[in-house]
Amino acid sequence: MHTYGLLGKNLSHSFSRQYFSDKFANEHIAAEYLNFETGSLTSLPDILKKHPELKGFNVTIPYKEDIIEMLDDVDPEAKAVGAVNTVKVTHGKLIGYNTDVFGFANSIKPFLAHGMEYALVLGTGGAAKAVASVLTNLGLRVSFASRNPSKPSHLAYSELNVYAMRTFKLIVNATPVGTWPEVEQKPALPYHMLTPEHFLYDLVYNPEETVFMKAARAHGAGTTGGLTMLKMQAEKSWEIWNGK
Ligand code: NAP
């Protein structure tokens, strides 16, 4: 039986284990998916030693960037993004990939309206980098909103004035704000400045309908949540682990 898993710090509410366990049961696949919850990446060699049958694993918060230096090779797309969320174990070597890029690229396409030129990505972590890479490749100009802006492309939330909100017709929440159990929270945007020309994409998938999405829709903006992307990135990981 093959083993797959998820490496991260706090996995009690993770989606992946349930998703893959259901997939294995439904598709009669003799495999298991384990949570490798660890407070430090230094435990990775021990995890690998303990599970010699491990074919691959996903990587989640807060290790998507720090894992890179522990890998033998990194796919060019993941290298460009600077974050890895999928590792394939092959002949004892660890190869890193980023399937968030695939998941976001394929889930955003149906919503990209003609003439959308500028996008604002909320957050500056691994998911934000994957989202920005996709949008840049699709020809959009990307800026980030950050609590601690440190680069010219970063804006403070307090800088999101009428002009900025008119400019950024696409806004992507790539922060964990609004995730269960803190479901009443939402990123600090001037929601009253949204219009039907705006589209807001929330990477948060639990809950499926976030307060961010509800507030945007109340002002006529289009919205989508993170569940489709999540399923797409999980299936892409499966393809990578199994060489399809
Ligand atoms: P992360 O590395 O922890 O980064 C999140 C970023 O959000 C941080 O860099 C930070 O940027 C900002 N942030 C964190 N806490 C915040 C707070 N309380 N208020 C405002 N901003 C905050 O996480 P990640 O891996 O990039 O993931 C971000 C979110 O996307 C998570 O909820 C994750 O579950 C979700 N996600 C979903 C999918 C999917 O398939 N749907 C895939 C990947 C990730 P600043 O410090 O610059 O403000």
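Biologist: Why does Thr175 count as buried?

Modeller: In this predicted model, Thr175 has a relative accessibility of 14%. The cut-off for buried is under 20%, so Thr175 counts as buried. Its place is in the loop between β10 (170–173) and β11 (199–202).

Biologist: Which residues does Thr175 touch, not counting those up to four places away in sequence?

Modeller: Thr175 touches Leu122, Gly123, Tyr157, Pro187 and Val204. Contact requires heavy atoms within 4.5 Å.

Biologist: What makes the pairing of the Thr175 and Asn173 side chains a polar contact?

Modeller: The two side chains are joined at 2.8 Å. A polar contact needs a pair of N or O atoms within 3.5 Å, one able to donate a hydrogen and the other to accept it. The Thr175–Asn173 pair is therefore a polar contact.

Biologist: What places polar side-chain atoms of Thr124, Ser146 and Arg147 in polar contact with the ligand?

Modeller: The limit is again within 3.5 Å. An oxygen atom of the ligand lies 2.6 Å from a polar side-chain atom of Thr124. For Ser146, the distance from a side-chain N or O atom to a ligand oxygen is 2.5 Å, and for Arg147 it is 2.9 Å. Taken alone, the ligand exposes 910 Å², of which the protein buries 79%.

Biologist: Which elements give two or more residues to the shell around the ligand?

Modeller: These are α5 (126–137) and α8 (227–241), and α8 gives the most, with 3 residues. By class, the shell has 9 nonpolar, 9 polar and 3 charged residues.

Biologist: What makes helix α4 mostly covered?

Modeller: Helix α4 spans residues 99–108, and 8 of its 10 residues are buried. Among them are Asp100, Val101, Phe104 and Ile108. Each has a relative accessible area under 20%, as the term buried requires. At the start of α4, a side-chain oxygen of Asn98 reaches to within 2.9 Å of the backbone nitrogen of Asp100.

Biologist: Why do β2 and β4 stand at the edges of the sheet?

Modeller: The open sheet has 6 strands in the order β2-β1-β3-β5-β6-β4, with mixed pairing. β2 (31–37) and β4 (73–74) each have a single partner strand, so one side of each is left without a neighbour in the sheet.

Biologist: How do you know that β1 and β3 pair?

Modeller: Two strands pair if there are at least two bridges between them. Strand β1 (residues 2–8) is joined to strand β3 (residues 54–59) by 5 bridges, and therefore the two pair; they run parallel. One of the bridges links Leu7 to its partner Val59 in β3.

Conventions. Residues are numbered from 1 along each chain as its sequence is written. This is a predicted model: local features need pLDDT of at least 70, side-chain atom pairs count only at pLDDT 80 or more; totals for chains, interfaces and linings use all residues. Side-chain values use heavy atoms; hydrogens and water are left out. Helices (H or I, at least four residues) and strands (E, at least two) are DSSP runs, numbered from the N terminus. Buried means under 20% relative accessible area, exposed over 50%, partly exposed in between (1.4 Å probe, protein chains only). Accessible areas come from the Shrake-Rupley method with a 1.4 Å probe; for residues, only the protein chains shown count as cover. Ala, Val, Leu, Ile, Met, Phe, Trp, Tyr, Cys and Pro count as nonpolar, Asp, Glu, Lys and Arg as charged, and the others, Gly among them, as polar.
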